[in-house]
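This report describes the fold, the sheet pairing, the disulfide, the nonpolar core and the aromatic contacts of one protein chain. The sequence and the model are shown first.

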Amino acid sequence: MVNTGMQLISFTCAVTGWIMAIAVTALPQWKVTAFIGSNILTSEIVWQGIWMNCIYQTTGHMQCKTYDSMLALPPDIQAARALMCLAIFLGWLSCTVSCCGMKCTTCAADDRHAKAGIALSGGVLFILTGLCVLVPISWTANTVVQDFYNPNVPLVNKRELGQAIYLGWAASVILMISGAVLSSTCPHIERGGGGGGYRRGGYLARSFRSMTRHSVPSAPDPPKPISVSASGVPLKEYV
């Protein structure tokens, strides 16, 4: 029961992290305007994402424009597009596989060994999804920090880390931790010395022998000898 509860909690957290990764992919706040010097009085805030650029004005109006050419984008944005799309696909695949391997579902319920392996595969896929989110987020953050401290970059082109970067870090951590917990509910197989069974986490599978034991009836007691007299007449005991 405890193992089933851990699976449900880790699966719910993993799905939450996957939804956060989808939001990070769509948000344009990967790079935001750096307020340096007199720029604090600017009336426009620039947001740069992996799909579009947005200009937010203090009056409340916002204009967004998608990138015209993909090949003209910086390498970090091109890699972020590919890895975030891969993370979304792996997250969907992880949810599907994990649902089939969880103990609260009826899929492959007859083969508990296979069910444990499916749950383990789902946890590993969630970890890979978190890594696919972590790589582009960290790469973009490193690029922003390097450009910020680079004296050759003009002040108007300097950017800071946006909200999507922090949300992406949180999503990657949640995905990897949830995947690790989901995988830990299926430990290694333990084989007994002569029991012929195996145990895999909360799943217990035993090999039943097809032989049936038949009880053999005991042989009847031999008849007791009858005492006879010298004349050949059987003796009787009288009380």
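## Overall architecture

Helices here are DSSP runs of H or I of at least four residues, strands are DSSP runs of E of at least two, and both are numbered from the N terminus. The model is predicted. On this basis, the protein chain contains four helices and eight strands. Their order along the sequence is α-β-β-β-β-α-α-β-α-β-β-β.

The protein chain has 239 residues, of which 32% count as buried. Among its contacts between residues at least 6 apart in sequence, 63% join residues at least 24 apart.

## Strands 2, 3 and 4

Strand 3 pairs with two partners, strand 2 and strand 4, and these are taken in turn. Strand 2, covering residues 44-48, runs antiparallel to strand 3, and five bridges join the two. Within this pairing, I45 has Y56 of strand 3 as its bridge partner. The connection between strand 2 and strand 3 is a hairpin of three residues.

Strand 3 and strand 4 are also antiparallel, and five bridges join them. Here I55 has Q63 in strand 4 as its bridge partner. The hairpin of these strands has four residues between them, and G60 within that hairpin adopts a positive phi near 105°.

## The disulfide and other cysteines

How many disulfides does the structure hold? There is one, and this bond links C54 to C64 with an S to S distance of 2.1 Å. The link between C54 and C64 is right-handed, with 110° about the S-S bond. C54 belongs to strand 3 (residues 52-57) and C64 to strand 4 (residues 62-66), so the disulfide ties together parts that are ten residues apart in sequence. In the strand pairing, C54 stands opposite C64.

The two ends of the link are set apart by their exposure. C54 is buried, at a relative accessible area of 0%, whereas C64 is partly exposed, at 40%. Two further cysteines can be described in the same terms: C13 is partly exposed at 33% relative accessibility, and C132 is buried with a relative accessible area of 12%.

## The largest nonpolar core

In soluble globular proteins, nonpolar side chains tend to be buried together. In this model, the largest nonpolar core comprises 27 residues, and those with the most contacts inside the core are V24, W30, I50, M84, F126, V133 and I137. At least two residues of this core come from each of helix 1 (2-26), helix 2 (75-101), helix 3 (112-148) and helix 4 (163-184). Which helix gives the most to this core? Helix 2 does, with seven residues.

I137 illustrates the connections made by one of these core residues. Leaving aside residues up to four places away in sequence, I137 touches V24, W30, A164, I165, G168 and W169. V24 and W30, in turn, are among the residues with the most contacts inside the core.

## Aromatic pairs and a charge over a ring

The model has four aromatic pairs. One of them is formed by F89 and W92, whose ring centres lie 6.1 Å apart with the planes at 35°, so this pair is tilted. Both residues are in helix 2, three residues apart, and are separated by about one helical turn. Neither ring residue reaches the exposed class, which begins over 50%: F89 is partly exposed at 45% relative accessibility, and W92 is partly exposed with a relative accessible area of 46%.

A further pair, F148 with Y149, is edge-to-face, with 5.3 Å from centre to centre and 85° between the planes. F148 is partly exposed, with a relative accessible area of 26%, while Y149 is exposed, with 65%. The ring of F148 also has a charged group over it: the charged end of K158 sits 6.0 Å from the centre of that ring.

Key: Residues numbered from 1 in each chain as written. Predicted model: local features only at pLDDT ≥ 70, side-chain atom pairs only at ≥ 80, totals over all residues. Heavy atoms only, no water. Core = buried A, V, L, I, M, F, W, Y, C linked by side-chain atoms within 4.5 Å. Buried < 20%, exposed > 50% of the residue type's maximum accessible area, 1.4 Å probe, protein only. Contact = heavy atoms within 4.5 Å. Disulfide = S-S within 2.5 Å. Phe/Tyr/Trp six-rings, centres within 6.5 Å; stacked < 30°, edge-to-face > 60°. Lys NZ or Arg CZ within 6 Å of the ring centre and 35° of its normal. Pairing = 2+ DSSP bridges.
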